[in-house]
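Q: I'm new to reading protein models and would love a guided close look at one part of this one. Could you take me to the largest cavity and then show me what is found around it?

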Amino acid sequence: MTTTEATEHDRSGQSPIAPAAEPQPAPGATPPQAPPLLAKAAAELVGTAALAAVVVGSGIQATELTKDVGLQLLANSTATVFGLGVLIALLGPVSGAHFNPAVTLAEWWTARRGGAGVTLREAAVYVPAQIVGAIAGSVLADAMFGEPLVKWSTHDRSAGHLLLGEVVATAGLILLIFGLARTHRLRFAPVAVASYIGAAYWFTSSTSFANPAVTIGRAFTDTFAGIAPGSVAGFIGMQLVGAVIGLALVALIFMPGREATE
């Protein structure tokens, strides 16, 4: 969920989305090695699967416990906040804890332009891992609650105001993550990113999917958190637009200052 020219990132390939810089080795000690790509891909797959399971599973649990839609959304958003924060803290040092193709592609773009971030090869591995993970997590959540393992969602989310909500939610997420990186405060990412997503559940009309992979995964479940397959393309398109806007805002707001001249 959670770059660019962060100085707390070395050039070994470690993602700048990681929530905190690794401790420095003692003098004369062997420097820590960057995790292999297989480990990073596994972290992204497992992390995205867990995130999708939290989102879908807590939605199912909420609808079984109460008929009040407000309380259902409160339960769903609260579980997502805690689950996402834990996952970023746990897996951030391995893969950067993206769990989100929009974040991965944004980071690749900044690295392509000279900043720190994932390579094209890493991005090409991350994105499929995230999508497979999100689908698996949704299926797992259905299995845990005795729902059909795969049942296409009937929750239409194609209205224009919902698409606008996805632009806003994703732009804010990208601004937050990359802004933290620009200001060398990624140690706050687990709390900051999770808090933002929790807030965006409530202040955006779309309840802040802000994640193409999880959007795809949520199409596989006809439960509280589902999205109809016909609405998926629109949501993903607006999420990518939001990512572009978010990067533009990062470039504008966190523009490098000029040295003072006499």
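A: Let's start with the overall plan. The protein chain holds eight helices and zero strands, so its elements, read from the N terminus, simply run α-α-α-α-α-α-α-α. Buried residues account for 50% of the 262 residues in the chain. Please keep in mind that this is a predicted model. The average pLDDT of the chain is 89, and 85% of the residues score at least 70. One stretch calls for caution: over residues 3-31 the pLDDT is below 50, although in the model this stretch has 79 contacts beyond near neighbours in sequence.

Now to the cavity you asked about. A general idea helps here: rolling a probe the size of a water molecule over the atoms shows where empty space is left. In this model, the largest cavity encloses about 120 Å³ of space. Its lining is made of 14 residues, and those closest to the centre are L51, V55, I197, S208 and F209. Which elements give two or more residues to that lining? They are α1 (37-65), α2 (69-95), α6 (189-203) and α7 (212-218). As for the chemistry of the lining, nine of its residues are nonpolar, four are polar and one is charged.

With those helices in mind, let's visit some residues, beginning with A79 in helix α2. Is A79 buried or partly exposed? Its relative accessible area is 27%, so A79 counts as partly exposed. Leaving out residues up to four places away in sequence, A79 touches V54 and S58. The C-alpha atoms of A79 and V54 are 6.7 Å apart in space, while the two residues are 25 residues apart in sequence.

Helix α6 is another contributor to the lining, and A194 is found in this helix. A194 is buried, because its relative accessible area is 3% and the cut-off for buried is under 20%. What does A194 touch, if residues up to four places away in sequence are not counted? The answer is V81, L84, G85 and A189. You can also relate A194 to L173: the two are 21 residues apart along the chain, and their C-alpha atoms are separated by 9.9 Å.

Next comes a helix that is not among those giving two or more residues to the lining, namely α4 (120-144). A134 sits in helix α4 and is buried, with a relative accessible area of 0%. Setting aside neighbours within four places in sequence, A134 is in contact with T48, A49, A52, A213, V214 and G217. Try finding V46 as well: it is 88 residues away from A134 along the chain, yet the C-alpha atoms of the two are separated by 8.8 Å.

Helix α4 also takes part in a salt bridge. The structure holds one salt bridge, formed by E122 and K40, whose closest N and O atoms are 2.9 Å apart. Why does this pair tie together parts that are 82 residues apart in sequence? It does so because E122 lies in helix α4, whereas K40 lies in helix α1. Both partners are charged residues, and you can check how accessible they are. E122 is buried, with a relative accessible area of 10%, and K40 is buried too, at 3%.

To finish, let's step into two loops and look at the backbone. Most residues other than glycine have a negative phi. Against that background, look at A97, which is not a glycine but has a positive phi of about 55°. A97 is placed in the loop between α2 and α3 (101-112), and its relative accessibility of 0% means that it counts as buried. H184 also has a positive phi, near 60°, and is likewise a residue other than glycine. You will find H184 in the loop between α5 (160-182) and α6. At 35% relative accessibility, H184 counts as partly exposed.

Note on methods. Residues numbered from 1 in each chain as written. Predicted model: local features only at pLDDT ≥ 70, side-chain atom pairs only at ≥ 80, totals over all residues. Heavy atoms only, no water. 1 Å grid on protein atoms, 1.4 Å probe; cavity = no way out; pocket = protein on both sides within 12 Å on 5 of 7 lines; lining within 4 Å. Points joined across faces, edges and corners; volume = space filled by probe spheres on them. Helix = DSSP H or I, 4+ residues; strand = E, 2+ residues; numbered from the N terminus. Nonpolar A, V, L, I, M, F, W, Y, C, P; charged D, E, K, R; others polar. Buried < 20%, exposed > 50% of the residue type's maximum accessible area, 1.4 Å probe, protein only. Contact = heavy atoms within 4.5 Å. Salt bridge = Lys/Arg side-chain N within 4 Å of Asp/Glu carboxyl O. pLDDT = per-residue confidence, 0-100.
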